Amino acid sequence: MTDFTYAVDADGVATITWDVAGKSMNVMSLAGFQALSDQVDAGLADPAVKGIIITSGKADFAGGMDLNVLAKMKNDAGDNPAQGLFDGVMQMHKVLRKIERAGMDPKTLKGGKPIVAALPGTAVGIGLEVPLSCHRIIAADNPKAKIGLPEILVGIFPGAGGTTRLVRKLGAMGASPFLLEGKLSDPKKALSAGIIDEVVAPDQLLIRAKEWVLGAKDADLVKPWDAKGYKMPGGTPYTPQGFMTFLGASAMVHGKTYGVYPAAKALLSAVYEGAQVPFDTALKIEARWFTNVMLNPSSGAMIRSLFLNKEALEKGANRPDAPDQRVKKLGVIGAGMMGAGIAYVSALAGIEVVLIDATQEAADKGKGYADGILSKGIQRGKGTEAKRAEVLGRITATTDYTALKGVDLIVEAVFEDMAVKAEVTKKVEAVVGPDCIYATNTSTLPISDLAKASAHPEQFIGIHFFSPVDKMALVEIIKGKATGNRAVAKALDYVRQIRKTPIVVNDARFFYANRCIIPYINEGMRLLGEGVAPALVENAAKLVGMPLGPLQLVDETSLDLGAKIARATKAAMGNAYPDSAVDDIVFWMVGQGRLGRKSNSGFYAYDAAGKREGLWSGLADRFPQADTQPDVTEVQHRLLMAQVLEAVRALEAGVLTDIREGDVGAILGWGFAPWSGGPFSWLDILGAGRAVEICDDLTARFGDRFAAPPLLREMAAKGQSFYGRFGTQAKAA
Ligand code: NAD
């Protein structure tokens, strides 16, 4: 069975229906593309056919390209992958251009057959690029549908004509949120943006499509860019108005990406160069830039981590074999910052929540957090009163532990204190049923130790959320020594219900994410202490793709939290504690009352309204700048190596068992340079040999914290990569 089927009705309207067998969403494969091409040929060649409708047999139109297709084009081309890809992409352009021209005479622009795209639901990526080549796009009024070109978010850009067509349709300025930010719209918004042409009631979709086909005139089939006298909306680069747009866009993209995302730059080049030449040449330029991006290792790494592996983890790649553990009723203990967020995201996902705190006032305040977000949403036109009432109706805020009867999962988020947590565990277990899984949201306390307070340590687990809970996509699931499979399955099923991305790690100090981010912060402060200009530290970090410089990150998370963690770590590690140089800085800052954003003063200065103004001038007095400053690359190596070496050590120690989780967790958890695909992908791009060289150099000059872990050294000696060695099964040895 092919992915597309073809039928002609009595009125001479051919319908090509996209319906990939065995999948809930259509994705484009090479065979699918060929079938579409053949069926369009059949419709154009058959004198009985007056026009063609391209639609879907599913609730949605299409979710995009099967990314393996691009990999195959590259691989099949042997020694010359660039040529293979370019030829493959040009072949796609040919088919889509055939749809667009629809058999018309290229001179008179007459005699073509109307081709309409009828979209019942979501149409993204190639799922929108095919419609953009049609003569009209009609969408069903389905508010859940998403329409757009999100390729940039996984490190590529629309390469099947989407870039060239959208820019010619909307102008560079109009197209920029959709191309540069990957913005998705519902059908009505897509209509008002000018991406699609018409929105109709779902039951009218095919009726209206047919009506349009039968009524279309020659002029309706001519795309503006194929018509005489076409001018790009907003102007081409060398018109006064266009000049301003392109100049601004270039600066804006660089300001946002710091030049580390090859796709954004290539996209802009394709748009800029394409705008100055005829349409078919523009497609060729788009294909060349697309090939360029596809051959950049960053794109491959981003697709792998942010698309393929993220999805695999969300679908339960590391879920143990256990029956369905979806949560029906959840108990959240502690209605503070974290508990309130956890209650909100859970209730939003349809789960009944009992939210407990020590006082009714605190419990109500926690529930009020959900109310606040939902009410703000209504003000912004993003929710309804009914929805707010429904979600809030699922949260019971109380101090009464007996309300926990019947819950099947507990998430504890009380103070970070072993004794308080142990007492809560006992109180909860006295009420809940014997099968209830108990999770703690601790950020620093060992799960195996906390589990000692439980009568069922095999049902005890860590579910570590990141703040703010409703914004952060990652959830770290931590197995204690005694944690059993059902608890892991429960945690994974719960994370899936609340639509976040899980990683599963073993119990160790700071688990995975905090273990890697703390050395980053510390390295930033060490550099400051050594007399490196703080602006150099911060900018070097951003220039290598970190979302925040280390000093800004300390300000955001607060210096007193840093001091608290430092004291606790020192107590736990004794003489092995390595960070006194950093502590001097942290304690001094806390002594000055500069606690970060929360005190409106930290490494940065803030105005009265809390707006960050710039690095605090007092830093220069306390940390005089050295006469000789390091170069940017050296600072970047220190800041990145501090994180990735910790990731490698976590893998060596069995804290991480899957490098995919290490990469996805790093990007979603603390924003590790997304262009790199994550710490392991970055080391693979660098090569283990080069990584060891950098480590040896940094160790000689700055100390043993940069010593290459034995695993990395061994891989360098054997010429191995992380994905080569651990990738196929994606399980650590
Ligand atoms: P918080 O101080 O905002 O909230 C803790 C809440 O627990 C308070 O409302 C308090 O009244 C309540 N509480 C204390 N003892 C209680 C008891 N015996 N019974 C019922 N309620 C009790 O703290 P938070 O920032 O929400 O952190 C909670 C937990 O989450 C901690 O373990 C923390 O380490 C962890 N965590 C925090 C973050 C973060 O960024 N803040 C991130 C991940 C994990």
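Contact here means heavy atoms within 4.5 Å. Keep that cut-off handy for the exercises below, and remember that you're working with a predicted model.

**Exercise 1. Helix H26 and its surroundings**

Task: Work out which residues of helix H26 are buried, and which helices they pack against.

Solution.
- Step 1. Find H26, which covers residues 679–686.
- Step 2. Pick out its buried residues: Pro-679, Phe-680, Ser-681, Trp-682 and Leu-683.
- Step 3. Look for their partners. The buried residues of H26 pack against H11, H24 (632–652), H25 (659–670), H27 (688–702), H28 (710–718) and H29 (722–726).
- Step 4. Check what follows the helix. Just after H26 comes Gly-687, with a positive phi of about 90°.

**Exercise 2. The overall build**

Task: Describe the protein as a whole: how many helices and strands does it have, and how does its radius of gyration sit beside the globule rule?

Solution.
- Step 1. Count the elements: there are 29 helices and 21 strands.
- Step 2. Take the radius of gyration, 28 Å, and set it beside the 27 Å from the globule rule for 733 residues; the two are close, so the protein is as compact as a globular protein of that length.
- Step 3. Add the dimensions. The C-alpha trace spans about 85 × 65 × 55 Å along its principal axes.
- Step 4. Ask how much is tucked away: 54% of the 733 residues are buried.
- Step 5. Turn to the contacts with a separation of 6 or more; 72% of them are between residues 24 or more positions apart.
- Step 6. Finish with the outside. The accessible surface is about 30500 Å², and carbon and sulfur atoms hold 55% of it. As for charge, the mean positions of the 82 positive and 80 negative charges lie 3 Å apart.

**Exercise 3. Domains**

Task: Where do the domains run, and what separates the centres of domain 1 and domain 3?

Solution.
- Step 1. Mark the bounds: domain 1 is 4–218, domain 2 is 329–508 and domain 3 is 514–726.
- Step 2. Go from the C-alpha centre of domain 1 to that of domain 3, and you get 45 Å.

**Exercise 4. Two glycines**

Task: Are Gly-43 and Gly-602 buried or exposed, and what does each one touch?

Solution.
- Step 1. Place Gly-43: it's in helix H1 (residues 30–45).
- Step 2. Its relative accessible area is 0%, and the cut-off for buried is under 20%, so Gly-43 is buried.
- Step 3. Beyond its neighbours within four places in sequence, Gly-43 contacts Tyr-6, Val-49, Ile-52 and Lys-113.
- Step 4. Now place Gly-602, which is in the loop between H22 and E20. Gly-602 also has a relative accessible area of 0%, so it counts as buried.
- Step 5. List its contacts, not counting residues up to four places away in sequence: Gly-602 touches Asp-555, Leu-559, Met-589, Arg-594, Gly-596 and Trp-616.

**Exercise 5. Exposed loop residues**

Task: What are the relative accessible areas of Asp-321 and Lys-452, and how far is each from a residue elsewhere in the chain?

Solution.
- Step 1. Asp-321 lies in the loop between helix H11 (297–314) and strand E12 (329–333). Its relative accessible area is 79%, so Asp-321 is exposed.
- Step 2. Asp-321 and Ala-489 are 168 residues apart in sequence, but their C-alpha atoms are 7.7 Å apart.
- Step 3. Lys-452 lies in the loop between helix H16 (447–450) and E17. At 65%, Lys-452 is exposed.
- Step 4. From Lys-452 to Asp-697, 245 residues apart along the chain, the C-alpha separation is 44 Å.

**Exercise 6. Backbone oddities**

Task: Which peptide bond is cis, and what phi values do Ala-102 and Asn-600 take?

Solution.
- Step 1. Recall the background: most residues other than glycine have a negative phi, and most peptide bonds are trans.
- Step 2. Find the cis bond. It joins Ser-467 and Pro-468, with omega about -5°. Pro-468 sits in the loop between strand E17 (460–465) and strand E18 (474–479).
- Step 3. Go to Ala-102, where phi is positive at about 45°. Ala-102 is in the loop between helix H3 (81–101) and strand E6 (115–119), and it's buried at 1% relative accessibility.
- Step 4. End at Asn-600, where phi is positive and near 60°. Asn-600 is in the loop between helix H22 (580–591) and strand E20 (604–606). With a relative accessible area of 27%, Asn-600 is partly exposed.

Conventions:
Residues numbered from 1 in each chain as written. Predicted model: local features only at pLDDT ≥ 70, side-chain atom pairs only at ≥ 80, totals over all residues. Heavy atoms only, no water. Helix = DSSP H or I, 4+ residues; strand = E, 2+ residues; numbered from the N terminus. Rg over C-alpha atoms; globule rule 2.2 N^0.38 Å. Buried < 20%, exposed > 50% of the residue type's maximum accessible area, 1.4 Å probe, protein only. Areas by Shrake-Rupley, 256 points an atom, 1.4 Å probe, with all protein chains shown as cover. Lys, Arg positive; Asp, Glu negative; His and termini not counted. Charge placed at Lys NZ, Arg CZ, Asp CG, Glu CD. Domains from an automatic or database assignment.
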